[in-house]
Amino acid sequence: DPSGLEDENLSTARDIARAIGISFGGLTMNHENATYSSVRMENSSIWPVVVRRRERIAVDAERSVQDLYKALYIRRHLGESFDALVLGVHAIGLFVQLDAHMVEGLVPAASLKDDQYTYDEASSELRGRKNGQKFGVGAKVRVRVEAVDTRRRRVEFALEALLTSAPTIAPLPMPERETVKG
């Protein structure tokens, strides 16, 4: 029931607002510094939106700090090689995550020098035109830390080897249609 979910979200938003010292229509105490403030919102339906936006800001800030620490850490390992898992494939390259350190970064498609690779959107793979080698989500690769930009919190890798290909998932069989006799 969508209205029940909306009521639950509003209730949760109100609980959070009370916990951080915001009132839905009157005088409330701010628990952090024990001062009183008068915050009044005529339309309490705005609070779930405000709370969601603040939560998104907090999540983005947390990710940004984590990415910075990962970049600072992996910067000490420039030139070193690691095993990684391909998390995503796009025309610009392979997004990988190191097995040992949970650091993510990009292997640019332009850096794959052994062949000319094209992106196949239907299968989400990079495919070599001459050698037929494929890189897809789930493939295991060996990469070298090539560059680290701590300001932008980005890590660039160079591909050294394809260790195992991406798993292939067979398409599900289509259910047989029932014919209605009339």
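This report walks through a predicted model of one protein, from its overall layout to single residues.

## Overall layout

The protein holds two helices and ten strands. Read from the N terminus, the elements run α-β-β-α-β-β-β-β-β-β-β-β. The chain has 182 residues, and 25% of them count as buried.

## Helix H2

Helix H2 covers residues 46–75. How far apart are its end C-alpha atoms? They are 44 Å apart. That agrees with the expected span, because 30 residues at 1.5 Å a residue should also give 44 Å.

Some residues of H2 are buried. They are Trp-47, Pro-48, Val-51, Ala-71 and Ile-74.

## Hairpins of E6, E7 and E8

Strand E6 spans residues 117–120, and strand E7 spans residues 125–128. The two run antiparallel and are joined by four bridges. Tyr-119 stands opposite Leu-126 in E7. Four residues lie between the strands of this hairpin.

Ser-124 sits in the loop between E6 and E7. Its phi is near 50°, which is positive although Ser-124 is not a glycine. Most residues other than glycine have a negative phi. Is Ser-124 buried, partly exposed or exposed? Ser-124 counts as partly exposed, because its relative accessibility is 23% and partly exposed lies between the 20% and 50% cut-offs.

E7 also pairs with strand E8, residues 134–136. This pairing is antiparallel too, with three bridges. Arg-127 has Lys-134 in E8 as its bridge partner. The hairpin of E7 and E8 has five residues between its strands. Here Gly-132 takes the positive phi, near 75°.

## Hairpin of E9 and E10

Strand E9 runs over residues 140–149, and strand E10 over residues 154–164. Nine bridges pair them in the antiparallel sense. One bridge matches Asp-149 with Arg-154 in E10. The two strands form a hairpin with four residues between them.

Arg-153 is in the loop between E9 and E10. Its phi is positive, about 60°, although Arg-153 is not a glycine. Arg-153 counts as partly exposed, because its relative accessibility is 32%.

## The largest nonpolar core

In soluble globular proteins, nonpolar side chains tend to be buried together. In this model, the largest nonpolar core has 22 residues. Which members touch the most other members? They are Leu-94, Val-96, Leu-98, Leu-126 and Phe-157. Strands E3, E4, E9 and E10 each give two or more residues to this core. E3, which spans residues 81–90, gives the most, with four residues.

Leu-126 links two parts of this account. It is among the core members with the most contacts to other members, and it stands opposite Tyr-119 in the pairing of E6 and E7.

## Two leucines, two settings

Leu-87 lies in strand E3. Leu-87 is partly exposed, because its relative accessible area is 38%. Along the chain, Leu-87 and Gly-138 are 51 residues apart. In space, their C-alpha atoms are separated by 6.4 Å.

Leu-112 lies in the loop between E5 and E6. Is Leu-112 buried or exposed? Leu-112 counts as buried, because its relative accessibility is 6% and buried means under 20%. Leu-112 and Leu-159 are 47 residues apart in sequence. From C-alpha to C-alpha, they are 7.0 Å apart.

## The largest pocket

How much space lies in the largest pocket? The figure is about 450 Å³. The lining has 21 residues. Glu-104, Gly-105, Arg-153, Arg-154 and Val-155 lie nearest the centre. Elements giving two or more residues to the lining are H2, E4, E5, E9 and E10. H2 gives the most, with five residues.

By class, the lining has ten nonpolar, two polar and nine charged residues. The E9–E10 hairpin returns here. Arg-153, in the turn of that hairpin, is one of the residues nearest the pocket centre. Arg-154, the bridge partner of Asp-149, is another residue nearest the centre.

Notes. Residues are numbered from 1 along each chain as its sequence is written. This is a predicted model: local features need pLDDT of at least 70, side-chain atom pairs count only at pLDDT 80 or more; totals for chains, interfaces and linings use all residues. Side-chain values use heavy atoms; hydrogens and water are left out. Two strands pair if DSSP finds at least two bridges between them. On a 1 Å grid over the protein atoms alone, a cavity is a set of points where a 1.4 Å probe fits but cannot get out, and a pocket is an open set with protein on both sides within 12 Å along at least five of seven lines; lining residues have an atom within 4 Å of a point. Grid points are joined across faces, edges and corners, and a volume is the space filled by probe spheres set on the points. Ala, Val, Leu, Ile, Met, Phe, Trp, Tyr, Cys and Pro count as nonpolar, Asp, Glu, Lys and Arg as charged, and the others, Gly among them, as polar. The expected span of a helix is 1.5 Å times one less than its number of residues. Buried means under 20% relative accessible area, exposed over 50%, partly exposed in between (1.4 Å probe, protein chains only). A nonpolar core is a set of buried Ala, Val, Leu, Ile, Met, Phe, Trp, Tyr and Cys residues joined through side-chain atoms within 4.5 Å.
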